[in-house]
Amino acid sequence: MLTRRAFLTATGVMALTPASRVSTARYDLVIKGGRVLDPGRQVDRVADVAIEGGRIRAIQPNIAIADAADVFDARDKIVTPGLIDLHVHVGAPDLTPAALLRDGVTSMVDGGSAGADNIDALVRVAQAAPNRVRIFLNVARTGVTGQGELLNIEAADVDAARRAMKQHRDWIAGVKVRLSENVAGDHDLEAVRRARQVAGPLPVMLHVGQTFSPLPKILALLKPGDIVTHIYSPPPHSLLDAAGHVLPEVRAARMRGVRFDVGNGRNGHITWPIVDAATRDGFWPDTISSDITGPGRTFRVFDLPTVVSKFLMLGMPLDQAIACVTNHAAANVSAFKGLGTLGPGRPADIAVFELREGDFEFVDNVDAKRTGHRKLVTSTVVMNGKKFVSERS
Ligand SMILES: [Zn+2]
């Protein structure tokens with residue numbers, strides 16, 4: 001048998017392990033007997049996952065219990081990389097990153113809650129969070145407001161936003177701009193231009209749906225890596241043409257590297273008929289995000305696993321749906337590079353789910369009900385090797 005030192009040297013992870021750590025068991029935690037589903041590495045098989053020093057050390061069948069300080073029995077459960085939610089709102093006290101951790105969300109991006117005037121408080125929330133929080137800075141100085149933060153376009157102050165980005169470069173991962181007519185009036189295109197100016201090489205996330213300008217005019221201003229959220233918004237100016245087919249400009253934007261994200265939310269962002277028409281044309285999302293807020297916790301959104309379950313109901317294969325909240329999501333944010341998979345040596349961010357079978361009712365943004373037959377329910381979450389048990393199971 002290898003000594004711990006020889007094992008670590010053999011696996012090339014010696015430098016990552018504090019020398020002072022002493023443990024008789026080789027692993028801190030072994031998640032045993034689950035169906036390991038890691039789309040980024042094309043893994044879908046029953047195996048044990050061994051964790052040590054906050055990192056994944058091995059994924060293999062039959063790791064000895066004697067080698068583990070702690071064992072989690074994951075038989076009949078699904079073990080995935082920790083979920084990544086690209087669009088949440090954790091700036092208000094009614095929804096904390098810690099609450100989302102217990103849903104299985106180990107990494108997230110706040111989508112524009114704050115702008116240059118109030119970014120400091122949101123950065124403090126991110127710094128204090130037990131999970132990984134990054135921020136898309138709202139191009140409007142105020143961040144999201146109920147009145148519509150871009151009705152006066154001068155709120156999109158490029159210099160102020162650039163100063164905020166510079167000051168918080170470790171926390172700001174991109175720029176958010178909300179473009180619906182009730183937010184940005186008739187100057188949505190100018191708002192996109194300013195957001196692009198601020199973002200430079202970082203991504204811009206665009207909130208579309210019910211915009212003044214048609215979607216192709218907006219897409220024409222984007223660069224590869226930019227993210228369109230609320231892609232299944234109902235009209236005016238949805239992603240469909242008058243005949244109900246996906247616009248050629250939308251497909252062309254995807255071909256040149258623009259990403260398309262769900263952003264479930266509560267109002268105006270997703271209806272079943274739009275999803276049906278788009279997916280009949282083969283237009284599935286690149287990423288599935290919740291756009292969750294405090295009120296969304298109990299109304300139309302609930303949590304990211306519920307939003308993923310909606311896409312299972314809508315016909316997305318399980319591995320593809322999980323990819324949309326793991327490796328695909330990680331690819332959108334440079335700070336999440338290397339996350340969203342379970343490879344040995346990676347941070348031990350892991351979610352364990354039950355895939356319950358039965359009749360489950362899901363609603364869209366106009367409360368249209370549909371019944372699905374599978375639902376992901378979070379069982380346990382591991383963040384940097386530390387185990388949290390879900391409150392929602
Ligand atoms: Zn949002």
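**Overall fold**

I counted the secondary structure elements: the chain has twelve helices and 15 strands. The radius of gyration is 21 Å, close to the 21 Å that the globule rule gives for 393 residues, so the chain is as compact as a globular protein of that length. I note that this is a predicted model.

I then looked up the box around the C-alpha atoms. Along the principal axes, it is roughly 70 × 50 × 35 Å. Of the 393 residues, 60% are buried. I also checked contacts between residues at least 6 apart in sequence: 71% of these join residues at least 24 apart.

Next came the surface. The accessible area is about 15800 Å², and carbon and sulfur atoms account for 52% of it. For the charges, I found 47 positive and 42 negative. Their mean positions lie 6 Å apart.

**The zinc site**

Which protein atoms are the donors of the zinc ion? I found NE2 of His87, NE2 of His89 and an OD atom of Asp291. They lie 2.0 to 2.3 Å from the zinc ion. Along the chain the donors follow the spacing H-x1-H-x201-D. I checked cover as well: His87 and His89 are both buried.

**Helix H10**

I went through H10, residues 304–313, one by one. Nine of its ten residues are buried, so I put the helix down as mostly covered. The buried ones are Leu304, Pro305, Thr306, Val307, Val308, Ser309, Lys310, Phe311 and Leu312. I noted that a lysine, Lys310, is among them.

What do the buried residues of H10 pack against? I listed strands S6 (83–88) and S7 (105–111), helices H9 (272–280) and H11 (318–323), and also S13 and S14. After H10 comes Gly315, with a positive phi near 110 degrees.

**Asn365**

Two of those packing partners, S13 and S14, led me to the loop that links them. Asn365 sits in this loop, between S13 (350–363) and S14 (369–383). Is Asn365 buried or exposed? It counts as buried, because its relative accessibility is 4% and the cut-off is under 20%.

I looked for what surrounds Asn365. Beyond its neighbours within four places in sequence, Asn365 contacts Asn264, Gly265, Arg266, Asn267, Gly268, His269, Ile270 and Arg300. I took one pair further: Asn365 and Gly265 are 100 residues apart in sequence, yet their C-alpha atoms are 7.5 Å apart.

**Gly225**

Gly225 lies in the loop between helix H7 (215–219) and S11. At 16% relative accessibility, Gly225 counts as buried. Setting aside residues up to four places away in sequence, I found that Gly225 touches Pro203, Gly257, Val258, Arg259 and Asn332. For Gly257 I looked up the C-alpha separation from Gly225, which is 5.8 Å across 32 residues of chain.

**Val71**

I turned to strand S4, where Val71 is found. Val71 is partly exposed, with a relative accessible area of 33%. Apart from neighbours within four places in sequence, Val71 is in contact with Leu29, Val30, Lys32 and Ile65. I also checked Val71 against Phe311, one of the buried residues of H10. Val71 and Phe311 are 240 residues apart in sequence and 32 Å apart in space, C-alpha to C-alpha.

**Backbone exceptions**

Most residues other than glycine have a negative phi, and most peptide bonds are trans. I searched for departures from this.

Where is Asp76 found? I placed Asp76 in the loop between S4 (71–73) and strand S5 (78–81). Asp76 is not a glycine, yet its phi is positive, about 65 degrees. With a relative accessible area of 78%, Asp76 is exposed.

Asn384 also has a positive phi, near 50 degrees. I found Asn384 in the loop between S14 and strand S15 (386–389). Asn384 is partly exposed, at 42% relative accessible area.

Last, the peptide bonds. Which residues does a cis peptide bond join? I found Pro235 and Pro236, with omega about 5 degrees. Pro236 lies in the loop between S11 (227–229) and helix H8 (248–255).

Key: Residues are numbered from 1 along each chain as its sequence is written. This is a predicted model: local features need pLDDT of at least 70, side-chain atom pairs count only at pLDDT 80 or more; totals for chains, interfaces and linings use all residues. Side-chain values use heavy atoms; hydrogens and water are left out. Helices (H or I, at least four residues) and strands (E, at least two) are DSSP runs, numbered from the N terminus. The radius of gyration is taken over C-alpha atoms; the globule rule is 2.2 Å times the number of residues to the power 0.38. Buried means under 20% relative accessible area, exposed over 50%, partly exposed in between (1.4 Å probe, protein chains only). Contact means heavy atoms within 4.5 Å. Accessible areas come from the Shrake-Rupley method with a 1.4 Å probe; for residues, only the protein chains shown count as cover. Lys and Arg count as positive and Asp and Glu as negative; His and the chain ends are not counted. The place of a charge is taken as NZ of Lys, CZ of Arg, CG of Asp or CD of Glu. Donors are N, O and S atoms within 2.8 Å of the metal (3.2 Å for Na, K and Ca); water is not among the atoms, so sites may look incomplete.
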